[in-house]
Each structure stands twice: as C-alpha cells, then as structure tokens.
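Colleague: I have a chain on my screen and would like to talk through its fold with you. Could you take me through it step by step?

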Amino acid sequence: MTGFWAGKRVLVTGHTGFKGSWLSLWLRHLGAKVYGLALAPDTQPSLFEQLSLEGDLDHRIGDIRDTTLVAARVAEADPDIVFHLAAQPLVLASYRDPLTTWATNVMGSAHVLEALRPRSKVCAVVMVTTDKVYQNHEWHHPYRETDPLGGHDPYSASKAAMEIAVDSWRKSFLGTESPVRVASARAGNVIGGGDWAANRLLPDIMRALAKGAPIAVRNPGAVRPWQHVLEPLAGYLKLAEHLWNDADPGLQDCFNFGPEARDIRSAEALVNAVLHHWPGTWDDRSDPNAPHEAGLLSLSVEKARAVLNVAPRWDFDRTVKHTVQWYRDVADGAQARDVSLSQIEAFGAP
C-alpha cells in the first residue's frame, strides 16, 4: 500500500471491462476507495466477475450516454481522481454500429467532463483514448503526441474526436483557474490475462487453444505496439499522481503509453510467441474484402519517459509469457484474483 493512493476516492468509468477490472483491482490493492460506473460485463466469462470485484468496490451499473446519471454518480463519488475508461472499444463493432460508438466515445466522455466542471476541489482526471487516434499514414515513424489526429474506422475517428473534446473542455472550462486537472492517455495495443472480447487477437488465440482448434488470424502482417495491460495502467496511475501533486499546465496534456520500439511486432509474431508457451496451429484468414484496419502502427513514448519518468518494464517475450501463464493457470483451476495480484506484485509499484 502506497501513501499516495491509500484512502483516495477514485471514480473508474468502465470498471467492468478488461482494463477497468485490472485497474480497479490494482487501486484496491493500493488502498484506494474505488467507485465504478459502467455497463454490465458483456462477455462470458468476464474478468470483473472472475476477480470478484463487485463486493470490493462501490459498484454501479449505468450508461455514460445518460448525462443526468453521470452527473449524479460524480457527485456521489466525490472523487479525488477520475479514470475514464468507459468506451465502445472495438474496431469491427464500430463498423456494425457507428452511431453507438460515437455517442459513447464522444458524448459519453463529454458528459464526464461536464459533470466534473463544477468541482471546487482538486481533482485529477485521466481520459483514456487509444493509439489509433492518429492520422495513420502507415509509416515506420512512431507517432508523437504532436502528430495530427485522424481515424479511418468509426472507432478510431470517435476516439480522435474525443481527444478534441477533452482539449476543448480543458481550454474552455478547466484551465488554470479550475482545480480540475485533465490529461488524456493514448495506449498501445494491450494484452493480458482475462481479456475475453470478441474479434480481438489475443482472446481469439486463447479461445482457439483452449478448444484445440487452429487459430484464425485475419491480418497476420499487421504491426502493433503490443504491451501488457499493467504497462499503460502504471502510466495512468503515475499520470494521475503527477496531476494531483502538480498544477503545472504542462502536465494537462496528452501522453502516449506503449512498448519500446524494439518490441513492436506483427500479429503473426504475437501468435508464434504465444505458441511457444501453448502449442497449437494457426491459419491465415486474411480477407481482402474485410473492413479496413491499420496495417502499421507504432507510438513514441519519449514524452512519458521524460515528463513522468514512466518507461516500459516488460519486453515483448515477458509480456507474452505472463499473458499466456494467466490463462493457463486459470484454466488449470487457479483463482483469477490470486494470479492477477501475483502479476501485479511481480510488475512492481506504479
């Protein structure tokens, strides 16, 4: 338990999701009082239920598209820190339902910011977006926080629009005269134990291996900044702590969180690395008629390193090893909460 987080009132939106569940568990482990606002878990199994989190925090089911509900929850939680993770997070789902994606990712985020605007005491706010907010030119240059925003698919575009909304609220309402300090966090592709989402590579791999079936890989050549889920969460925690302790406007900005450049790999490399720990086979299911997804994406993390002293800890091989071990241990009967806490301890303090 660290001195900073012990007793802090923390609101986590999206606490029932994959990253939200890991973050809520870690915050409770650090001694924070956690308040959640999210939709009910939408996968079976769900990490939130596997970790038995409902009785461990102030759990509330609700939709961030409901502005009245969001305002009431913020008032009730009276937070010192806010982590906004609630989102429609899947590219393929955004093609099927673009309006819900935009309503959730843009207006839902605006509802959170607006609910925080009247606050009269210091509140550190981390608004979580994605590495896909950048206008992707499919180049090898890692994207920096100053590069232009964009987005081909509705998910990426909605997250870029969310970044613009965050910047607008910060400049219009939450400037130096406000005690509410807001930054946005752009994380690379996250993997780790307990992700059960559909149409996401690592969960698809785990489901296939558990069944003894070949892994269907729809875009093996796609290159991504893969990182263990604890990496960006450690960055979010450190960013929030900096925001709380320092009113420097330079901190109220956007930050990338991702792996070292040498650990950016293709989907095929990820699959083969997993198979080193859990033998199986895979099939190339590339479809030239499938909806567009970025082929090459990498992030520069030098700003987080310089300003926040945050740097990646687990390289690609260690990330894959811990991820596969989580699924194998839980499949063999270990408690997900015990395995997750063990990995948090192995990772170290944020």
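What follows is a short conversation about the sheet, the helices on it and some aromatic rings.

Modeller: Happy to help, and please keep in mind that this is a predicted model.

Colleague: Thanks! Let's begin with the sheet: in what order do its strands lie?

Modeller: The sheet is open and has 6 strands, with parallel pairing. From one strand to the next, the twist averages 20°. Reading across, the order is β2-β1-β3-β4-β5-β10.

Colleague: Which are the edge strands?

Modeller: An edge strand pairs on one side only. In this sheet that description fits β2 and β10 (254-257).

Colleague: Is strand β2 enclosed or open to the outside, then?

Modeller: Strand β2 covers residues 33-37, and it pairs on one side only. Even so, 4 of its 5 residues are buried, and buried means under 20% relative accessible area. The strand is therefore largely enclosed by the rest of the structure.

Colleague: How many bridges join β1 to β2, and which residue of β2 stands opposite Thr13?

Modeller: Strand β1 spans residues 9-13 and runs parallel to β2. The two are joined by 5 bridges. Opposite Thr13, in β2, stands Leu37.

Colleague: What unit do β1, α1 and β2 make?

Modeller: Helix α1 takes up residues 18-29. Together with β1 and β2, helix α1 makes a right-handed β-α-β unit.

Colleague: And further along the sheet, what is the bridge partner of Cys123?

Modeller: Strand β4 (residues 123-128) and strand β5 (residues 180-187) run parallel. They are joined by 6 bridges. The partner of Cys123 in β5 is Val180.

Colleague: At what angle does helix α5 run to β4?

Modeller: Helix α5 is made of residues 98-116 and lies across β1, β3, β4 and β5. Its direction relative to β4 is about 175°.

Colleague: Now the aromatic rings. Why is the pair of Trp314 and Phe347 called edge-to-face?

Modeller: A pair of aromatic rings is described by the distance of the centres and the angle of the planes. For Trp314 and Phe347 the centres are 5.2 Å apart and the planes stand at 80°. Planes over 60 degrees apart count as edge-to-face, so with its 80° this pair is edge-to-face.

Colleague: Where in the chain do these two rings sit, and are they buried or exposed?

Modeller: Trp314 is in the loop between α10 (302-308) and α11 (316-331), while Phe347 belongs to helix α12 (residues 336-347). They are 33 residues apart, and the pair links distant parts of the chain. Both Trp314 and Phe347 are buried.

Colleague: What is the relative accessible area of Trp326?

Modeller: Trp326 forms an edge-to-face pair with Tyr327, at 5.3 Å centre to centre and 75° between the planes. Tyr327 counts as buried at 4% relative accessibility. Trp326 is buried as well, and its relative accessible area is 0%.

Colleague: Which charged residue lies over the face of Trp278?

Modeller: Two such contacts can be named here. Lys303 lies over the face of Phe255, at 4.6 Å from the ring centre. For Trp278 the distance from the ring centre is 4.7 Å, and the residue over its face is Arg328.

Colleague: One last point: how far apart in space are Thr146 and Cys254?

Modeller: Thr146 is in the loop between β4 and α6 (154-172), and it is exposed, with a relative accessible area of 73%. In sequence, Thr146 and Cys254 are 108 residues apart. In space, C-alpha to C-alpha, they are separated by 9.0 Å.

Technical notes
Residues numbered from 1 in each chain as written. Predicted model: local features only at pLDDT ≥ 70, side-chain atom pairs only at ≥ 80, totals over all residues. Heavy atoms only, no water. Buried < 20%, exposed > 50% of the residue type's maximum accessible area, 1.4 Å probe, protein only. Pairing = 2+ DSSP bridges. Right-handed = clockwise from strand over helix to strand, strands pointing away. Axes fitted to C-alpha atoms, helices over the stretch in contact; angles between N-to-C directions. Contact = heavy atoms within 4.5 Å. Phe/Tyr/Trp six-rings, centres within 6.5 Å; stacked < 30°, edge-to-face > 60°. Lys NZ or Arg CZ within 6 Å of the ring centre and 35° of its normal.
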